[in-house]
Protein chains: 2
Amino acid sequence: MSPVVWLLGLSGTGKTTLALRLLESARAKGLRADLIDGDLVRDFFADRADYSRENRISNIQRIVFAALLLSRNDVLTIVSNISPYEETRRFARRKLPRYCEIYLKASLEDCARRDPKGLYRRAREGQNPGMIGVDAPFEEPRSPDLAVDTGRLSEDDSFAEILRFLGEKGLL
Amino acid sequence: MSPVVWLLGLSGTGKTTLALRLLESARAKGLRADLIDGDLVRDFFADRADYSRENRISNIQRIVFAALLLSRNDVLTIVSNISPYEETRRFARRKLPRYCEIYLKASLEDCARRDPKGLYRRAREGQNPGMIGVDAPFEEPRSPDLAVDTGRLSEDDSFAEILRFLGEKGLL
């Protein structure tokens, strides 16, 4: 079983950027690795419009199932997903033997200022109902394996912290 | 992208048996291969009891997503699932670049006589509502890549036919 490295946090905390760097780094080491991005799942199922709690949970469960299959076929699996609910994080930890949860932590203000996808702006304009952190709750992770303060650290420093952690744990 | 070989048909047509032989055969050739069995998905999501059309569709979509990820990581993926709906078979074909649909065809009478899991007996006793072929429809595949008459052929002959077909198509 290969590890499943799950990056979570609000939109704008740097999940996708750091996940892509991690993927590149794993492949550079000759490892088989893949990235499951939250948007990939939405696009696949063509339900981009529905950001209900129920649909988010369903999407995360789909990711967990796919991650288990990749993991058991020795593909190091990186997940990049907001994952706002403790319930689904517990589900992932229960189902995935080598689950590693990395919480990218930044204040809502910092995330909204960066706003790489323009989602916070759209939420302020009332065009993005159910936006996590704005009008839907983000449940702070209670027991991540690692929390990285991406609000304060540079992208390079955040990445170095993740790499160091995964190296220490023998995961990468 | 590796092929996704999808075995479908009523309960009792030999899906699991043939899928396991296929998996063994692929691995014996040194290929990376895995099997996604319908029951695995139900067990994973612990929703065994719900055999509604909606839940069946949702389960098949989960399988398609996981199969896509395995396939793009060069794992030959074998799926064993009743897959009673043309709609979801079209979904699988649309989403999976190397989808290969193999229909295991046997009469309801033959399947009910074999009844490896005792599901037909339980259905007759009213304990298995929604049983496909009994009180829920099985939509005959319109355009499988291969149909194998497992009602008439022996297990060995059915398997030989599948192997020959996959060999000819360069899939195994």
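Chain A of this predicted model averages a pLDDT of 94, and 98% of the residues score at least 70. The scores for the model are ipTM 0.93 and pTM 0.94. With that in hand, let's work through some exercises together.

**Exercise 1. Work out how many helices and strands chain A has, and in what pattern they follow one another.**

Solution. Start with the tally: chain A holds 7 helices and 5 strands. Next, walk along the sequence, where the elements of chain A come in the pattern β-α-β-α-α-β-α-β-α-α-β-α.

**Exercise 2. Decide how the radius of gyration of chain A compares with the globule rule for 172 residues.**

Solution. Take the radius of gyration of chain A, 15 Å, and set it beside the 16 Å from the globule rule; the two are close, so chain A is as compact as a globular protein of that length. For the extents, the C-alpha trace of chain A spans about 45 × 35 × 25 Å along its principal axes. Then look at burial, for which we count a residue as buried if 20 or more other C-beta atoms lie within 10 Å of its own. By that criterion, 44% of the 172 residues in chain A are buried. Finally, among contacts in chain A with a separation of 6 or more, 76% join residues 24 or more positions apart.

**Exercise 3. Find the strand order of the sheet in chain A and say which strands stand at the edges.**

Solution. Lay the 5 strands side by side: they form an open sheet in the order 2-3-1-4-5, with parallel pairing. Now check the ends: strand 2 and strand 5 (146–148) of chain A have a single partner strand each, so one side of each lacks a neighbour in the sheet. On average, neighbouring strands are turned by 20° against each other, direction ignored. For one pair in detail, strand 1 (residues 4–8) and strand 4 (residues 99–104) of chain A are joined in the parallel sense over 5 bridges. Val5(A) stands opposite Cys100(A) of strand 4 there.

**Exercise 4. Identify the strands that helix 1 and helix 7 of chain A lie across.**

Solution. Helix 1 (residues 15–28) of chain A lies across strands 1, 2, 3 and 4, at about 165° to strand 2. Helix 7 (residues 155–168) of chain A lies across strands 1, 4 and 5, at about 170° to strand 5.

**Exercise 5. Describe the side of chain A that touches chain B.**

Solution. First the count: 13 residues of chain A are in contact with 13 residues of chain B. Then the sources: strand 2 (33–37), helix 2 (38–45) and helix 3 (53–72) of chain A each supply at least two residues to this side. Helix 3 of chain A gives the most, with 6 residues. Last, the chemistry: this side of chain A divides into 8 nonpolar, 2 polar and 3 charged residues.

Methods
Residues numbered from 1 in each chain as written. Chains lettered and ligands numbered in written order. Predicted model: local features only at pLDDT ≥ 70, side-chain atom pairs only at ≥ 80, totals over all residues. Contact = placed C-beta atoms within 7 Å. Helix = DSSP H or I, 4+ residues; strand = E, 2+ residues; numbered from the N terminus. Nonpolar A, V, L, I, M, F, W, Y, C, P; charged D, E, K, R; others polar. Rg over C-alpha atoms; globule rule 2.2 N^0.38 Å. Buried ≥ 20, exposed ≤ 12 C-beta atoms within 10 Å, placed from the backbone. pLDDT = per-residue confidence, 0-100. Pairing = 2+ DSSP bridges. Axes fitted to C-alpha atoms, helices over the stretch in contact; angles between N-to-C directions.
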